[in-house]
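The following exercises are intended for a first-year student who has the sequence and the model at hand. Please attempt each task before reading its solution.

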Amino acid sequence: MHTRTRILVTGGAGFLGSHLCEHLLNQGHEVLCVDNFFSCDRQNVEHLLDNRRFELIRHDVTFPLYVEVDAIYNLACPASPVHYQHDPVQTIKTCVHGAINMLGLAKRLRAPIFQASTSEVYGDPEVHPQTEEYWGHVNPIGLRSCYDEGKRCAEALFFAYRRQGGLPVKVGRLFNTYGPRMHPNDGRVVSNFILQALRGEPLTIYGDGSQTRSFCYVDDLIDCMIRFMAAPDDITGPLNMGNPGEFTIRSLAEQVIELTGSRSIILHKALPDDDPKQRRPDITRTTEQLGWTPSVPLREGLTKTIAYFEAMLRKG
């Protein structure tokens with residue numbers, strides 16, 4: 001997609017979606033951004049509104065959308081536990097009905113479509129690091145199941161459309177991603193720690209802090225998405241998309257305290273149900289098929305993210 005195309009980004013005003021819209025515009029494409037603003041802020045894309053190649057539509061993907069585009073990125077769905085557990089029925093509808101509607105649109109247009117799946121399809125993994133061949137260890141009726149199982153169903157739908165109709169699909173399993181424009185109240189560990197540190201509040205760790213996560217800076221992840229969509233149609237995924245660097249939650253907290261110069265202490269609380277103990281992507285297949293590896297170290301990415309939240313707090 002190096003020639004100018006008209007690209008639909010659902011969830012385009014969200015944290016990842018807004019960065020994707022920006023990158024696509026910088027490549028010279030026309031971008032149709034669709035969002036219902038349930039878990040994001042219009043401010044994320046306000047700086048793009050003056051661009052003649054950018055269009056913003058308020059719409060819920062659980063209802064059909066009738067537009068003409070050349071490619072589709074389906075990112076629509078609240079992605080943090082705070083937001084997706086707030087209305088679990090709507091979360092499942094967004095994952096499943098949203099996928100059906102966007103796949104139907106892609107089928108009519110014969111347009112390639114990317115699905116933002118998630119590392120949550122692996123649940124609390126019994127295999128480490130997680131490879132794409134691993135089927136996961138998910139509680140189908142737990143608090144997180146509305147998101148986990150919704151995304152697993154969406155993956156099944158994408159590959160059913162591929163097998164049945166030859167639709168050009170791309171399924172990426174996104175691991176923890178962070179950076180500017182993260183929602184300040186989404187409950188994710190990076191934004192939580194940074195805001196707590198900047199406010200001088202205790203940094204809240206659930207459990208003993210020995211559980212691990214891998215953190216990918218947003219620019220790296222968007223680069224992976226765009227490479228994936230530009231790849232030949234026979235590269236369908238699922239592909240793991242994330243940074244394989246692994247850190248304990250406690251070490252992340254300590255690094256945030258250091259980088260912010262905060263005097264915050266660390267406070268331990270009980271571990272939530274179904275919280276994964278380990279999460280790290282094996283990106284061997286992604287690197288081989290897309291020539292992609294993340295390039296932004298955690299310390300550099302945290303410094304940029306801290307600067308964003310500092311500016312946000314100054315604005316009030």
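**Exercise 1. Unusual backbone geometry**

Pro129 is found in the loop between S5 and helix H5 (145-165), where helices (H or I, at least four residues) and strands (E, at least two) are DSSP runs, numbered from the N terminus. The model is a predicted one, in which local features need pLDDT of at least 70 and side-chain atom pairs count only at pLDDT 80 or more, whereas totals for chains, interfaces and linings use all residues. Residues are numbered from 1 along each chain as its sequence is written, and side-chain values use heavy atoms, with hydrogens and water left out.

Task: Determine which peptide bonds before Pro129 and Pro238 are cis or trans, and examine the phi of Arg110 and Arg181.

Solution.

Step 1. Most residues other than glycine have a negative phi, and most peptide bonds are trans.

Step 2. The bond from His128 to Pro129 is cis, its omega being near -10°. Gly237 and Pro238 are also joined by a cis peptide bond, with omega about 5°. Pro238 belongs to the loop between H7 and S11.

Step 3. Arg110 is not a glycine, yet its phi is positive, about 55°. Arg110 sits in the loop between H4 and S5. Its relative accessible area is 47%, so Arg110 is partly exposed; buried means under 20% relative accessible area, exposed over 50%, and partly exposed in between (1.4 Å probe, protein chains only).

Step 4. Arg181 likewise has a positive phi, near 80°. Arg181 lies in the loop between strand S7 (177-178) and helix H6 (189-198). With 15% relative accessibility, Arg181 counts as buried.

**Exercise 2. Two helices**

Task: Compare the expected span of helix H4 with the distance between its end C-alpha atoms, and state which residues of H1 are buried.

Solution.

Step 1. The expected span of a helix is 1.5 Å times one less than its number of residues. For the 22 residues of H4 (residues 88-109) this gives 32 Å, and the end C-alpha atoms are 31 Å apart, which agrees.

Step 2. H4 bends by about 25° at Thr94; the bend at a residue is the angle between axes fitted to the seven residues ending there and the seven starting there. The buried residues of H4 include Thr91, Thr94, Cys95, Gly98 and Met102.

Step 3. An α-helix has 3.6 residues a turn, so residues three or four places apart point the same way.

Step 4. H1 (residues 15-26) has 12 residues and reaches 17 Å from its first C-alpha to its last, close to the expected 16 Å. Its buried residues are Phe15, Leu16, Gly17, Ser18, His19, Leu20, Cys21, Glu22, Leu24 and Leu25. Because 10 of the 12 residues are buried, H1 is largely enclosed by the rest of the structure. Just after H1, Gly28 has a positive phi of about 95°.

**Exercise 3. The sheet and its packing**

Task: Give the order of the strands in the seven-stranded sheet, and state which strands H4 touches.

Solution.

Step 1. Strands of a sheet pair through backbone hydrogen bonds, either parallel or antiparallel.

Step 2. The sheet is open, its seven strands run in the order S3-S2-S1-S4-S5-S6-S11, and the pairing is parallel. Two strands pair if DSSP finds at least two bridges between them. The edge strands, each pairing on one side only, are S3 (54-58) and S11 (239-241). From one strand to the next the twist averages 20°; axes are lines fitted to C-alpha atoms, for helices over the stretch in contact, and angles run from 0 to 180 degrees between N-to-C directions.

Step 3. H4 packs on the sheet, touching S1 (6-10), S4 (71-74), S5 (113-118) and S6 (169-174), and its direction makes about 170° with that of S4. H7 lies across S4, S5, S6 and S11, at about 160° to S6. Contact means heavy atoms within 4.5 Å.

**Exercise 4. The nonpolar core**

Task: Which residues have the most contacts inside the largest nonpolar core?

Solution.

Step 1. A nonpolar core is a set of buried Ala, Val, Leu, Ile, Met, Phe, Trp, Tyr and Cys residues joined through side-chain atoms within 4.5 Å.

Step 2. The largest has 59 residues, and Leu20, Tyr73, Phe114 and Met225 have the most contacts inside it. Helix H7 (residues 218-230) gives the most to this core, with eight residues.

Step 3. Beyond its neighbours within four places in sequence, Leu20 is in contact with Val9, Tyr73, Leu75, Ile222, Met225 and Ile226.
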